[in-house]
Amino acid sequence: MQEKAKQIVVDYFNARVDKTDKQKISVDDVYVVWFCKTLQNWKALLSTTVPDGMYYELTYNGDKHETYVDAYRKWENTMVADE
């Protein structure tokens, strides 16, 4: 499941990367940040070694045999003080 998730991210990235960047990634460039499987479903959060601030959320619906990809870019990281 995790290897499938990595390959999906590779395919997603390589299909969308700016052609002028002349950059492609492989599964060796993708890492799993978090993974959870419940019954026939699973969800994974993944990122790559590319310094573009992107991360990917993959959700597998075992009932429908469908995988969904959400791609996000980190906008900022701010500290909120506890009061």
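Two strands count as a pair if DSSP finds at least two bridges between them. With that in hand, here is a tour of this predicted model, one view at a time.

**View 1. The whole protein, from helix to last strand.** Welcome to the overall picture: the predicted protein has 1 helix and 4 strands, and from the N terminus on they follow the order α-β-β-β-β. Its C-alpha atoms fill a box of roughly 45 × 40 × 20 Å along the principal axes. Of the 83 residues, 27% are buried. The pLDDT averages 93 over the protein, and 99% of the residues score at least 70. Among the elements, strand 2 (residues 41-48) has the highest mean pLDDT, 97, while helix 1 (residues 2-16) has the lowest, 94.

**View 2. The open sheet and its edges.** Here the 4 strands line up in the order 1-2-3-4, with antiparallel pairing, to form an open sheet. Strand 1 (30-38) and strand 4 (66-73) each have a single partner strand, so one side of each lacks a neighbour in the sheet. From one strand to the next, the twist averages 15°. As a reminder for newcomers, strands of a sheet pair through backbone hydrogen bonds, either parallel or antiparallel.

**View 3. The hairpin of strand 3 and strand 4.** Follow the chain through this hairpin, where 4 residues lie between the strands and H65 takes a positive phi near 55°. The antiparallel strands 3 (residues 54-61) and 4 are joined by 8 bridges. Two pairings are good places to start: N61 has E66 of strand 4 as its bridge partner, and T59 is partnered with Y68, also in strand 4. Strand 3 itself is mostly covered, with 6 of its 8 residues buried.

**View 4. The hairpin of strand 2 and strand 3.** Another hairpin comes into view, this one with 5 residues between strand 2 and strand 3. In its turn, G53 has a positive phi of about 75°. The two strands run antiparallel and are joined by 6 bridges. Look for W42, which stands opposite Y60 in strand 3.

**View 5. A salt bridge between strands.** Which side chain meets E57 in a salt bridge? The partner is K43, with 2.8 Å from N to O. This pair links distant parts of the chain, since E57 belongs to strand 3 and K43 to strand 2, 14 residues apart. E57 counts as buried, because its relative accessibility of 18% falls under the 20% cut-off. K43 is partly exposed, at 27% relative accessible area.

**View 6. A salt bridge within the helix.** A search of the whole structure finds 2 salt bridges, and E3 and K6 form one of them, with their closest N and O atoms 3.7 Å apart. Both residues sit in helix 1, 3 residues apart, which is about one turn of the helix. Is each partner buried or exposed? E3 is exposed, with a relative accessible area of 51%, whereas K6 counts as buried at 17%.

**View 7. A nonpolar patch on the surface.** To finish, meet Y31, V33 and W34, which make a nonpolar surface patch of about 310 Å². W34 lies in strand 1. With a relative accessible area of 39%, W34 is partly exposed.

How values were computed. Residues numbered from 1 in each chain as written. Predicted model: local features only at pLDDT ≥ 70, side-chain atom pairs only at ≥ 80, totals over all residues. Heavy atoms only, no water. Axes fitted to C-alpha atoms, helices over the stretch in contact; angles between N-to-C directions. pLDDT = per-residue confidence, 0-100. Patch = residues over 30% accessible without salt bridge, like charges linked within 9 Å, V, L, I, M, F, W, Y side chains within 5 Å. Areas by Shrake-Rupley, 256 points an atom, 1.4 Å probe, with all protein chains shown as cover. Salt bridge = Lys/Arg side-chain N within 4 Å of Asp/Glu carboxyl O. Buried < 20%, exposed > 50% of the residue type's maximum accessible area, 1.4 Å probe, protein only.
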